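Thanks for making room on the agenda this morning. I would like to walk you through one structure, slowly, and I will stop at a few questions along the way.

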Amino acid sequence: MPTLTIDNRTVTVAEGASVLDAAVELGIVVPHYCYHQALGAVGACRQCAVTILEGSQKGLKMSCLVTAEDGMQVSTCDEESRSFRAQVGEWLMTNHPHDCPVCDEGGECQLQEMTIGSGHGIRRYRGNKRTHTNQDLGPFITQEMNRCIQCYRCVRAYKDYCGGEDFGVMGSRQRVFFGRFKEGPLESDFSGNLIDFCPTGVFTDKTSRFKTRYWDLQQAPSICPHCSLGCATLPGGRYQQLQRVRSGSNRLTNDSFICDRARFGSDWANHPQRPREARIDGEKAEFSVVLSQLEERLQSLVDTYGGETLRLLGSPRASFEANLLLKKLAVRFGAPTPCYDAHPRRAFAARAAGSIPSGQLASLQQLRASDLVLVAGVDPLAEAPVLALALRQVVRAGGRVVVLDPRPVELPCEFEHHSLTQEALLRGLSAPEENELLESLRQQLEAAHHPVLVGGGDLLGGAGLLLLRRFSESCCGDSDCLIFPVLHGPNSYGGGLLEEPGERQRDLLEDLENGKVRALICLEADPAIEHPDPGRMQLALARLDLLAVFDHLPTHSVAAANIFLPTRTLFECGGTYVNNEGRMQAFAPVIEPGIPLEVSGGGGHPLRQFDSGVPGSAPHSAIHLLQQLLKDRQDLFGLRRQIVEEIPCLRDLDRLEAGDSGRRMADCGESLEESRLEIWAQEGELRLLPVMARYGGDQYSRLSQPLASRLQQPCLWIHPLEAAERGFGEGQRVVLRTAVGHFRLSLSCKEKMVRGRVMLPCLPGTPLEVFTPGGLSIPCQLYAEDDNA
């Protein structure tokens with residue numbers, strides 16, 4: 001590790017670090033634009049000049065391009081360096097407009113900061129400025145090309161790192177233009193990263209344009225709730241309204257990138273139908289009255305019928321602390337341990353992921369450094385989009401990505417795709433020595449230096465993840481062969497850890513249908529559509545004596561609840577999620593709950609009236625509500641400290657801070673044995689596989705208005721050869737007949753999917769919500785819409 005001196009201050013940096021990295025380590029500001037820690041350096045802006053006094057390269061150099069050396073002496077404040085940077089700053093500003101007062105980037109603009117930092121403050125140029133015609137890039141991004149300084153960060157982020165193909169650089173010299181060949185919506189699932197990586201105001205967030213100045217925003221570090229990866233985010237809000245989400249920085253997870261679902265899919269927190277008032281049997285009531293009524297009803301039921309008649313349901317979208325308090329509530333009333341996912345197969349997948357030793361689980365950072373990744377049963381862009389970015393970095397570094405999946409998987413990189421049915425994939429993992437493809441891949445993984453196995457909890461299930469673990473041990477023996485499980489929700493892993501060790505995986509529906517259960521408490525869960533058999537579940541819920549729901553979304557269960565208590569969103573309270581690799585990550589409150597001022601104020605000025613309360617501010621955090629039922633008055637830190645004392649493997653929970661990289665939990669999952677594979681598909685039988693839709697397939701994104709343009713219309717996927725054999729064609733209307741009903745859909749032919757299956761992207765809030773991803777394929781029949789058979 002080289003030790004060098006910059007401006008008479010000494011620092012030791014990692015091998016391969018640049019002089020600019022060393023300066024940042026010391027807190028010395030060297031103006032720069034083209035350099036970014038996630039993209040590296042290209043030396044395009046020429047702004048980071050320093051003078052090397054001692055070293056293999058002497059003289060005026062670009063600090064981002066010079067590797068730090070032991071004994072190097074560097075000056076950033078000598079006259080030559082300062083003069084050069086001032087001149088470059090003046091050149092870059094020659095064509096930049098004087099529009100800072102109306103630019104949405106004002107206050108957080110790197111160009112503003114670095115221009116002053118370079119010593120340029122007075123413009124001498126009085127000639128005409130170069131101008132461009134802006135493009136319409138769709139509903140997410142606003143372009144103002146006249147502000148461009150040609151640093152190339154945008155194209156390097158969008159095209160090089162994220163793999164987008166519809167955006168690039170055109171022109172030459174002073175006519176360089178960054179955009180699309182023809183204007184239109186950006187196609188990449190990561191287009192919003194242009195906002196974060198542009199150091200000027202060329203690309204800004206259209207969804208939050210002209211709403212709030214940076215210095216007026218309330219911001220706090222948070223975690224994305226859309227999948228299980230635990231990507232760091234930085235939400236911002238004002239006037240009880242969440243107004244934008246930007247990427248946080250966590251090298252161990254998402255680095256500095258997030259997907260568009262995370263960035264533009266948080267409008268659900270402002271949804272006009274969000275329930276904000278406590279209710280008893282449909283009537284509004286005070287919180288204290290509702291809590292007291294709930295406690296009395298539960299106690300009466302338990303005293304009369306026993307604790308076995310009460311069930312509690314946690315959720316992958318509820319915080320770890322809230323789920324743990326739900327478990328304590330079950331103990332208080334003598335009820336069985338809660339379920340933490342209404343979908344039993346997903347719940348078992350979470351338990352299976354928790355049973356994998358911590359040292360065998362891969363982080364996204366480790367995955368990006370792999371030379372061979374086998375992806376089994378995962379559609380990254382639908383289930384965990386930033387995983388797709390990590391796979392692209394593997395390929396960019398010369399590695400290989402192999403995908404085993406029945407779906408028409410797309411990735412922003414080159415990869416090998418082997419189409420296998422769900423049943424064939426599970427059988428292959430159970431006996432790889434009998435499968436030529438799996439045996440070949442096993443040998444390739446054994447020869448790789450840093451292999452990683454990615455397994456999908458939805459497609460493989462818990463049994464499949466356990467088989468994947470056994471497969472990894474056969475591949476690599478004692479060497480470093482890591483597993484990266486992909487689960488359903490942001491706290492699925494945490495819920496799996498809280499399940500009762502040694503207990504068989506329970507199905508909540510079976511408990512409800514046996515007639516012994518009289519009451520159910522749902523914590524930020526909607527079993528009415530989250531269970532794989534929604535119809536039966538809704539009938540079972542209707543027979544309960546008491547259904548109590550804690551939630552912040554307008555769900556079926558909320559509408560049917562006898563007692564309802566509105567909870568705060570993760571943007572309005574603190575808590576912890578445990579991501580798919582067992583990393584505990586804290587999030588902090590950003591805003592207080594309430595109806596956004598633009599709604600309560602009718603879009604005009606703030607209300608000209610005085611009131612002690614804010615409309616819609618009633619919701620409490622789920623943690624606080626459960627603590628009240630348990631008569632626990634600790635704050636969040638005290639609660640975490642108590643949890644650490646009770647569960648030793650969570651020893652770092654009380655040391656978490658929002659915005660840090662998180663802490664991997666120690667091994668505390670149960671030891672699971674491989675269970676029987678539930679495979680019953682017959683050869684030649686057409687079967688339907690419900691799959692996750694890329695947009696609108698989860699509870700959050702379907703309620704976010706900015707994503708409306710990307711929500712897909714209901715359709716049925718089929719292989720073109722399969723369609724031709726049955727006399728169907730692209731776009732044809734067909735009738736899909738299943739045990740749960742008949743559905744009229746348009747066909748969409750997908751060449752990359754497996755034959756013998758049709759696939760249905762599931763869309764909550766539509767008639768297709770009776771299908772839930774995460775299960776096995778089911779029998780079905782297809783007929784032309786005009787066929788009377």
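**Cysteines, domains and salt bridges**

Let me begin with a single residue, Cys 77, which is partly exposed, with a relative accessible area of 47%. Please keep in mind from the start that what you see is a predicted model.

How many disulfides does the count come to? The count comes to zero disulfides, and Cys 77 accordingly is in none, the nearest cysteine sulfur being that of Cys 48, 16 Å away. And why is there no bond for Cys 162? Its closest cysteine sulfur, in Cys 259, is 11 Å from the sulfur of Cys 162, which is too far for a bond, because a disulfide needs the two sulfur atoms within 2.5 Å. As for its surroundings, Cys 162 is buried, with a relative accessible area of 2%.

Now let me step back to the chain, for which the domain assignment gives domain 1 (3-93), domain 2 (126-270), domain 3 (279-345 + 495-592 + 615-664), domain 4 (348-489) and domain 5 (687-788). I will stay with the pair formed by domain 1 and domain 2, whose C-alpha centres lie 27 Å apart. Between them, 14 residues of domain 1 are in contact with 16 residues of domain 2.

The size of an interface is often given as the accessible area lost when the parts come together. For domain 1 and domain 2 the buried area is about 1200 Å², and carbon and sulfur atoms give 56% of it. Which residues of domain 1 lose the most area to domain 2? They are Tyr 33, Gln 37 and Leu 39, which together make up 45% of what that side buries. If we sort the residues on the side of domain 1 that touches domain 2, we find ten nonpolar, four polar and no charged. Between domain 1 and domain 2 the count is zero salt bridges, whereas eight residue pairs are in polar contact there, both residues being at pLDDT 80 or more.

The picture for salt bridges overall is another matter, since here the count comes to 49. One of these joins the side chains of Glu 187 and Arg 180, at 4.0 Å from N to O. Are these two partners buried or exposed? Glu 187 is exposed, with a relative accessible area of 58%, while Arg 180 is buried, with a relative accessible area of 13%. A further salt bridge brings together the side chains of Asp 216 and Arg 238, at 3.7 Å from N to O.

Methods: Residues numbered from 1 in each chain as written. Predicted model: local features only at pLDDT ≥ 70, side-chain atom pairs only at ≥ 80, totals over all residues. Heavy atoms only, no water. Domains from an automatic or database assignment. Contact = heavy atoms within 4.5 Å. Buried area = accessible area lost by both parts, 1.4 Å probe. Polar contact = N/O pair within 3.5 Å; in protein donor to acceptor, adjacent residues only side chain to side chain. Nonpolar A, V, L, I, M, F, W, Y, C, P; charged D, E, K, R; others polar. Buried < 20%, exposed > 50% of the residue type's maximum accessible area, 1.4 Å probe, protein only.
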